[in-house]
Amino acid sequence: MVNKNYLRKLMLFVGLLVFGISAVAIPSRSAYGAQVSVDEPQYLLTALSIGEDFDLDISDEIKEEKFRSFHEVGLNTQTIDMNSSGQRLSPHDPLLPMLLALPMRIAGWVGARTLLAVFAGLLAASTLWVSVRRFHVSPKTAACVAGSFGSAPPLCSYGSQIYPEVPAALAVVLAVASATGNPSRRNSILFALSITALPWLSIKYLPVALTIFLLLLLLGKKTDRHFLSVYTTAFLISMAVFYLLFHKFVYHGWTVYSAGDHFIENEFNVIGSDPDIWGRSKRFIGLLVDKGFGLAAWTPSFLVFPAAIGFLCKKKASNWQYIIFPFLVGWSTATWVAFTMHGWWWPGRQTVVVLPLVVIAIAIAVDHFKKFLFPLLFATTIGSIGWIWVAIEAQTGRRALIVDFEETSWPWYRVWSEIFPDYHYMPENTMLVASIWSTLTILLFIFGWRSVDRDKNSPRRKRTDTDVITTDFNCGSSIR
């Protein structure tokens, strides 16, 4: 069995490490003349309203300019009058402001950002725990992978920016942890709460939540399906009905977007009035390798994840479906449903909700090929250093965290990013470079797929994933 005390110590260390690196950016300015930008002030205003007035109406906060402490320049209110009394509601789902209400009341925007850094630490620690207890990764490997990726952008980036990405990612990890655990009342409650929380953080997370729910419903054994008891199912259905009725009566539509000034004609224009599905398809690879907004441009080690996904798809390790299918749904949502890939935010925002699943996949693969662990840590550390560099720059007044992060003086990014396609400005060589990277990504997937055969043929690996006990340092024995 895994030594529980050793695992707890690793979780504490990883959680504190990720919290610390995320918190580095708390003083950083997102834009010139504003501590936070675009959607962030909306979340903070709603949190203020909940903390002070116990309601969602931010009209008085806007009128009294309570945003000036974190947004000195003029504010894009994003809202319309909901009735004759001038009620205004932010077009963003209310769960994140509810979580931020108390720290916002106590310590303002600093308290709100600090809480998100705490969530980032909890996410990394939970990813470590799930990797070990649900996917049989050795504690050492899981700690290295979860800690390094949690300390690198974009996972640490959203540990200081006022967006629901990190809480949503935590909800996904907890949902997977409870779904893949032994049927119990505790797991049943955790599963129901995690799945319910996702759409209340943002409706865009509903496809991922539904995927995890369907996996448990369709793939579970009879004993596992008992996990979805009548009470749990009834609770989830009632919460879905409540979600729809709440939004219809409070926001006057099926989603919060009906309260937004950009979506007066149709709330579903949030995905675009005439979406160019074919044009958006370039994001499928661009989310990984775009020069400015790709994951690998800032954290090079993300380039290995196609190989890790290929390895997991072929190996079909225990509970592998709970990684692959939610990841594919989340990545597809970011590709074809999201309005844009190049938004007014730190790169990778639309993928954060499923990135911990990618981290677990990488941990599983690296645990079988330990020789890749150090290069992986080195490449991920480059991302962490770059994030700290950019965050400190944004505290000097020479740069802003969101407005011009691509203009950073961080030497690695200025050189490294030149090898990636630029989907934002589309220079002449964009499609050629994109084709090369698409080919490389496919080859990486194939490499991971074929690595399973090499792993089986290795004298050291001729065993099942659960029948050999190995010792991890002096922590006792752990089942891998």
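Modeller: The bend at a residue is the angle between two axes, one fitted to the seven residues ending there and one to the seven starting there. Keep in mind that this is a predicted model.

Biologist: Where in H4 is the kink centred?
Modeller: H4 has 39 residues, and a straight helix would reach 57 Å at 1.5 Å a residue. The end C-alpha atoms of H4 are only 29 Å apart. H4 has a kink of about 140°, and its centre is Ala-107.

Biologist: How far apart are the end C-alpha atoms of helix H7?
Modeller: Helix H7 covers residues 185–201, which is 17 residues. At 1.5 Å a residue, H7 should span 24 Å. The model agrees with that, because the end C-alpha atoms of H7 are apart by 24 Å.

Biologist: Is H7 mostly covered or mostly uncovered, and how many of its residues are buried?
Modeller: A residue is buried when its relative accessible area is under 20%. Among the buried residues of H7 are Phe-191, Ile-195, Leu-198 and Trp-200. H7 is mostly covered, and of its 17 residues the number buried is twelve.

Biologist: Which helices are included in what covers the buried residues of H7?
Modeller: The buried residues include Asn-187, Ser-188 and Leu-201. Their cover includes helices H4 (95–133), H6 (165–179), H8 (206–219) and H10 (230–250).

Biologist: How many residues apart in sequence are the parts that Glu-72 and Arg-29 tie together?
Modeller: Glu-72 forms a salt bridge with Arg-29, with the closest N and O atoms 2.9 Å apart. Glu-72 lies in the loop between helix H3 and H4, and Arg-29 in the loop between helix H1 and helix H2, so the pair ties together parts whose separation in sequence is 43 residues.

Biologist: Is Glu-72 buried, partly exposed or exposed?
Modeller: Partly exposed is the range between 20% and 50%. Glu-72 has 39% relative accessibility, so Glu-72 counts as partly exposed.

Biologist: Which residues are linked in a network of salt bridges with Glu-165 and Lys-204?
Modeller: The side chains of Lys-204 and Glu-165 meet in a salt bridge, 3.4 Å from N to O. Lys-204 lies in the loop between H7 and H8 and Glu-165 in helix H6, so the pair ties together parts 39 residues apart in sequence. The network links this pair with Asp-39 and Arg-349.

Biologist: Is Glu-165 buried or exposed?
Modeller: Its partner Lys-204 is partly exposed, at 22% relative accessibility. The cut-off for buried is under 20%. Glu-165 has 0% relative accessibility, so Glu-165 counts as buried.

Biologist: What is the relative accessibility of Asp-367?
Modeller: The side chains of Asp-367 and Lys-370 meet in a salt bridge, at 3.6 Å from N to O. Lys-370 counts as partly exposed at 40% relative accessibility. Asp-367 counts as buried, because its relative accessibility is 3%.

Biologist: What accessible area do the residues of the nonpolar patch have together?
Modeller: One of the patch residues is Leu-443, which lies in helix H19. Leu-443 is partly exposed, with a relative accessible area of 49%. The patch also includes Leu-432, Phe-445 and Trp-449, and its residues together have an accessible area of about 730 Å².

Biologist: How far is the C-alpha atom of Met-82 from that of Ser-384?
Modeller: Met-82 is in the loop between H3 and H4. Its contacts, leaving aside neighbours within four places in sequence, include Arg-88, Tyr-251 and Ala-259. Ser-384 is 302 residues from Met-82 along the chain, and their C-alpha atoms are separated by 44 Å.

Notes. Residues numbered from 1 in each chain as written. Predicted model: local features only at pLDDT ≥ 70, side-chain atom pairs only at ≥ 80, totals over all residues. Heavy atoms only, no water. Helix = DSSP H or I, 4+ residues; strand = E, 2+ residues; numbered from the N terminus. Expected span 1.5 Å × (residues − 1). Buried < 20%, exposed > 50% of the residue type's maximum accessible area, 1.4 Å probe, protein only. Contact = heavy atoms within 4.5 Å. Patch = residues over 30% accessible without salt bridge, like charges linked within 9 Å, V, L, I, M, F, W, Y side chains within 5 Å. Areas by Shrake-Rupley, 256 points an atom, 1.4 Å probe, with all protein chains shown as cover. Salt bridge = Lys/Arg side-chain N within 4 Å of Asp/Glu carboxyl O.
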